[in-house]
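Student: Please take a close look at the salt bridges in this structure. I would like to know which side chains pair and how accessible they are.

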Amino acid sequence: MFDNIGGYQFAQEGHDTLITAMVSCEGEVMPFEKPVYVAGKVEEWLLAKEAEMRKTNRLITKRALFYYCDRKIRVDWMLDYLGMVVLAATQIWFTWETEDVFKRMKMGQRRALKDFSKKLIDQINQIVQMVRGKVTANVMKKLETVLILDVHAKDIIEHFIRDRYYAQLVDTHFVLSKQACKEFIAAGLIALHGLLELEE
């Protein structure tokens with residue numbers, strides 16, 4: 001949003017002019033939590049406007065993170081927030097959910113990774129379904145961008161699944177090889193003991 005400012009929304013309050021929102025080049029509007037008065041030196045109200053931009057952006061992002069998938073599916077949640085906020089919140093939640101999956105796996109939930117992969121696929125299907133409907137250009141761009149991130153996220157998790165099972169196979173093979181080696185050594189010792197007895 002900071003690199004893509006198309007303009008601002010202004011309002012009049014008596015004789016005072018206020019900046020009430022920031023507008024991106026795509027037309028997304030970020031209403032300020034607290035309007036900024038356009039008064040005094042230009043550099044002063046421009047700095048005040050920048051500070052309010054940051055403050056509002058932080059608050060909106062926190063709100064999006066808090067209400068992520070709360071009482072509604074993710075695609076509906078995405079419609080409530082700006083594109084940049086949706087992208088940031090989605091990636092933060094993906095990171096947290098991935099860490100949570102690994103914690104659950106350590107606790108013995110073997111299917112945690114597969115279940116998470118299924119959830120990611122369901123989320124992709126929800127976006128695809130919405131894309132096929134009638135949506136605005138801005139919403140379409142938002143959905144397409146999140147879809148790209150989701151596909152990458154799914155690929156990462158599937159890669160983890162493949163690596164995990166490969167690691168299990170390697171570990172199993174190592175355990176079997178170790179067991180076979182022990183049995184081989186034991187058999188060799190028995191045979192050697194038998195030979196020694198014959199020599200006696």
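Tutor: What follows goes through the salt bridges pair by pair, then turns to two other residues. This is a predicted model, in which local features need pLDDT of at least 70 and side-chain atom pairs count only at pLDDT 80 or more, while totals for chains, interfaces and linings use all residues. Residues are numbered from 1 along each chain as its sequence is written, and side-chain values use heavy atoms, with hydrogens and water left out.

Side chains of opposite charge can pair when their charged atoms come close. A search of the whole structure finds 10 salt bridges, a salt bridge being a side-chain nitrogen of Lys or Arg within 4 Å of a carboxyl oxygen of Asp or Glu.

One of them joins D150 to R74, with 2.1 Å from N to O. This pair links distant parts of the chain, 76 residues apart: D150 belongs to helix α5 (residues 137-199) and R74 to helix α2 (residues 74-78). Helices here are DSSP runs of H or I with at least four residues, numbered from the N terminus. Both D150 and R74 are buried; buried means under 20% relative accessible area, exposed over 50%, and partly exposed in between, using a 1.4 Å probe and protein chains only.

Another salt bridge is formed by D80 and K72, whose closest N and O atoms are 2.6 Å apart. D80 counts as partly exposed because its relative accessible area is 45%. K72 is also partly exposed, at 35%.

K154 and D155 also meet through their side chains, at 3.4 Å from N to O. Salt bridges with shared partners join K154, D155 and E158 into one network. K154 has a relative accessible area of 17%, so K154 is buried. D155, at 36% relative accessibility, is partly exposed.

Two further residues can be described by their surroundings. T98 sits in helix α3 (residues 83-106) and is buried, because its relative accessible area is 9%. Not counting residues up to four places away in sequence, T98 touches F116, I157 and F160, where contact means heavy atoms within 4.5 Å.

V135 lies in the loop between α4 (112-131) and α5. Its relative accessibility is 28%, so V135 counts as partly exposed. With neighbours within four places in sequence left aside, V135 is in contact with M130 and M140.

Notes
Helix = DSSP H or I, 4+ residues; strand = E, 2+ residues; numbered from the N terminus.
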